[in-house]
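Dear colleague,

Please find below a structure that I would like to hand over to you. Kindly look at the strands first, as my notes concern them.

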Amino acid sequence: QLQASGGGLVQAGGSLRVSCVVSKPPFSSYTLGWFRQAPGKEREFVAGISRTGGSTDYADSVKGRFTISRDNAKNTVYLQMNSLKPEDTAVYFCAAGTVAVLSRRRYDYWGQGTLVTVSS
């Protein structure tokens with residue numbers, strides 16, 4: 001029901017955009033988020049966006065480099081990643097939440113993940 005794509009290999013300092021299509025309606029009712037899990041580490045919150053797109057939230061480690069956005073007409077959430085660093089290497093997961101408020105924890109549906117590898 002959540003299909004992430006767009007991962008790949010990129011050099012440090014480069015950019016990449018990952019996308020996630022949410023096929024479980026109604027898309028506009030979900031808060032959306034991106035998480036990541038690096039090898040040997042726990043999954044961590046990266047970014048979140050409210051139902052309307054009017055509010056966003058970012059982990060300190062990505063603030064100023066990553067941008068989350070959504071297109072309600074395409075049922076898609078994006079994560080634009082700029083100035084990538086080797087420590088950004090991880091599997092990136094998208095998630096959808098049914099709660100009304102933007103949250104770093106309360107997500108109900110998860111995608112399968114897409115691998116982003118940043119080489120030094």
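The notes below describe how certain strands are arranged in this model.

Please bear in mind that the model is predicted. As general background, the strands of a sheet pair through backbone hydrogen bonds, in either a parallel or an antiparallel manner.

I begin with an open sheet. It consists of 4 strands in the order 1-3-8-7, and the pairing is antiparallel. Strand 1 (2–5) and strand 7 (66–71) lie at the edges; each has a single partner strand, so one side of each has no neighbour in the sheet. On average, neighbouring strands of this sheet are turned by 15° against each other, direction ignored. Strand 7 pairs with strand 8 (residues 76–81) in the antiparallel sense, over 6 bridges. Within this pairing, Phe66 has Met81 in strand 8 as its bridge partner.

I now turn to strand 11, which covers residues 114–119. With strand 2 (residues 8–11) it pairs in the parallel sense over 4 bridges, and Val118 of strand 11 stands opposite Val10. With strand 9 (residues 90–97), strand 11 pairs in the antiparallel sense over 3 bridges; here Thr114 in strand 11 is the bridge partner of Tyr92.

Which side chains of strand 11 are buried, and which are not? The side chains alternate along the strand: Thr114, Val116 and Val118 point to one face and are buried, whereas Leu115, Thr117 and Ser119 point to the other face and are not buried. Thus two residues already named for their bridges, Thr114 and Val118, belong to the buried face.

Yours sincerely

Note on methods
Residues numbered from 1 in each chain as written. Predicted model: local features only at pLDDT ≥ 70, side-chain atom pairs only at ≥ 80, totals over all residues. Heavy atoms only, no water. Buried < 20%, exposed > 50% of the residue type's maximum accessible area, 1.4 Å probe, protein only. Pairing = 2+ DSSP bridges. Axes fitted to C-alpha atoms, helices over the stretch in contact; angles between N-to-C directions.
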